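Student: I have not looked at this protein before. Could we go through it in questions and answers?

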Amino acid sequence: MDIYKDFSLKRYNTFGIDAKAKYYINIKSKEQLLSLFATQEFQSSNHFVLGGGSNVLFRNDYDGLIINMEISGLRLKEINSDHALVAVGAGENWHELVETCTKNKYYGIENLALIPGKVGAAPVQNIGAYGVEQSEYFHSLKATLIETGEEIELLKEDCNFAYRSSIFKNKLAGKAIVTEILYDLDRQWEINLKYKELERELDKFSFIKHDIDYVFNTIIRIRKSKLPDPKELGNSGSFFKNPIISSKAFGELFSHYPHLPAYPQSNGDIKISAAWLIEKAGFKGFRSGDAGISPRHALIIVNYGNSTGEEIYNLSEDVVQSVLEKFNIRLEREVIVL
């Protein structure tokens with residue numbers, strides 16, 4: 001088990017920021033994780049678990065320990081005519097999991113295709129896209145408590161899932177590390193068209209059978225048309241969360257902006273489009289040096305080559321302040337800033 005010093009993170013974050021970590025380690029097993037807890041480097045430093053580097057912005061060098069989770073494994077734990085229970089190591093690639101489940105006709109998470117990152121980050125962030133959140137098919141997970149080394153199991157109802165949130169962002173923040181996740185997937189398929197853009201895209205080719213493979217590939221096509229490939233243009237996907245506001249606040253806003261995209265929530269609140277707000281604030285396609293807003297999607301902040309993390313952060317601050325001044329809504333970052 002090697003702990004590296006002054007380790008470059010340029011290849012380990014999708015923004016491509018050339019930051020360094022004071023310490024860095026790859027963790028390939030639960031046993032290695034327990035051994036890490038006993039090291040001086042862990043006990044004397046801040047730490048951060050890297051979930052593929054696709055949802056993080058390093059403003060500067062990280063004065064602590066970066067844990068790159070590489071615990072692998074993908075196995076079918078249970079299966080019957082209705083359900084398939086799939087166990088996945090936290091270090092597995094999320095999109096590859098979705099692709100494998102699609103090929104094997106384990107249904108439910110196909111709308112989450114091409115989301116970058118590792119499986120262990122999915123429940124922490126409660127990732128979602130195109131009308132589906134991972135929590136809908138989440139069964140349980142195993143995590144290791146940092147203070148005691150104890151392995152705990154959390155069921156769905158234990159995880160406090162909410163929009164881009166979970167227990168790992170509040171009560172267990174910094175106290176546990178996810179090692180394995182179980183997903184309870186359907187064996188009988190029903191197309192999910194909650195997201196209207198997906199329905200419109202499928203309707204363009206209504207003569208093609210809308211099976212799981214076609215939906216999976218359509219999701220990939222939509223995402224590629226909007227989101228730049230991080231290998232070609234540094235980015236972390238959606239930088240901001242979609243704001244959720246009261247119905248009263250929405251009514252006031254809607255009276256001035258009747259074309260504002262809105263999505264009613266079960267509790268009566270309204271989720272509105274952060275991309276629409278950013279675009280109307282004049283930032284879509286904006287560029288300052290090598291930090292910019294994608295001209296294809298206003299939620300995507302990009303690194304055109306040699307931007308620093310501080311420059312990208314400052315641009316995000318400009319966006320937050322401009323949207324606040326124009327709409328009296330404060331955007332919240334989805335990306336973790338270190």
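Student: Through how many residues does a hairpin join β6 to β7?
Tutor: This is a predicted model. In it, β6 covers residues 74–79 and β7 covers residues 83–89, and the two strands run antiparallel. The hairpin that joins β6 to β7 passes through three residues.

Student: How many bridges join β6 to β7, and which residue in β7 stands opposite Glu78?
Tutor: The antiparallel strands β6 and β7 are joined by five bridges. Within this pairing, the residue of β7 opposite Glu78 is Leu85.

Student: How many helices and strands does the protein have?
Tutor: Helices and strands are counted separately here. The protein has nine helices, and its strands number 20.

Student: What radius of gyration does the protein have, and why does that agree with a compact globule?
Tutor: The C-alpha trace spans about 60 × 55 × 40 Å along the principal axes. For 338 residues, a compact globule would have a radius of gyration near 20 Å. The protein agrees with this because its own value is 20 Å.

Student: Which strands are at the edges of the sheet with the order β1-β2-β5-β3?
Tutor: This is an open sheet of four strands with mixed pairing. Its neighbouring strands are turned by 35° against each other on average, ignoring direction. An edge strand pairs on one side only, and here that applies to β1 (3–8) and β3 (46–50).

Student: Do β2 and β5 pair in the parallel or the antiparallel sense, and which residue in β5 is opposite Tyr24?
Tutor: Strand β2 takes in residues 20–27 and strand β5 residues 62–69. They pair over six bridges, in the parallel sense. Opposite Tyr24, in β5, stands Ile66.

Student: At what angle to β2 does helix α1 run?
Tutor: Helix α1 consists of residues 30–37 and lies across β1, β2 and β5. Its angle to β2 is about 140°.

Student: Why is one side of β14 and of β15 left without a neighbour in the sheet?
Tutor: The open sheet concerned has three strands in the order β14-β16-β15, with antiparallel pairing. β14 (244–245) and β15 (262–264) stand at its edges, so one side of each has no neighbour in the sheet, as each has a single partner strand.

Student: What is the bridge partner of Ala262 in β16?
Tutor: β15 pairs with strand β16, residues 270–272, in the antiparallel sense over three bridges. In β16, the partner of Ala262 is Ile272.

Student: Are α5 and α6 roughly parallel or roughly perpendicular to each other?
Tutor: Helix α5 (residues 196–203) and helix α6 (residues 212–226) pack with their axes 11 Å apart, at an angle of about 110°. Angles of 65 to 115 degrees count as roughly perpendicular. The two helices are therefore roughly perpendicular.

Student: Which residues of α5 meet α6, and how many residues of each class are in the contact?
Tutor: On the α6 side are Tyr214, Val215, Thr218, Ile219, Arg221, Ile222 and Lys226, which meet Glu197, Leu198, Glu201 and Leu202 of α5. By class, the contact has six nonpolar, one polar and four charged residues.

Student: With which side chains does that of Arg333 make polar contacts?
Tutor: Arg333 is in the loop between α9 (309–327) and β20 (336–337). Leaving out residues up to four places away in sequence, Arg333 touches several residues, including Phe239, Phe240 and Tyr313. Its side chain has a polar contact of 3.1 Å with that of Ser316, and one of 2.6 Å with that of Glu317.

How values were computed. Residues numbered from 1 in each chain as written. Predicted model: local features only at pLDDT ≥ 70, side-chain atom pairs only at ≥ 80, totals over all residues. Heavy atoms only, no water. Axes fitted to C-alpha atoms, helices over the stretch in contact; angles between N-to-C directions. Parallel < 35°, antiparallel > 145°, perpendicular 65-115°, else oblique. Contact = heavy atoms within 4.5 Å. Nonpolar A, V, L, I, M, F, W, Y, C, P; charged D, E, K, R; others polar. Pairing = 2+ DSSP bridges. Polar contact = N/O pair within 3.5 Å; in protein donor to acceptor, adjacent residues only side chain to side chain. Rg over C-alpha atoms; globule rule 2.2 N^0.38 Å.
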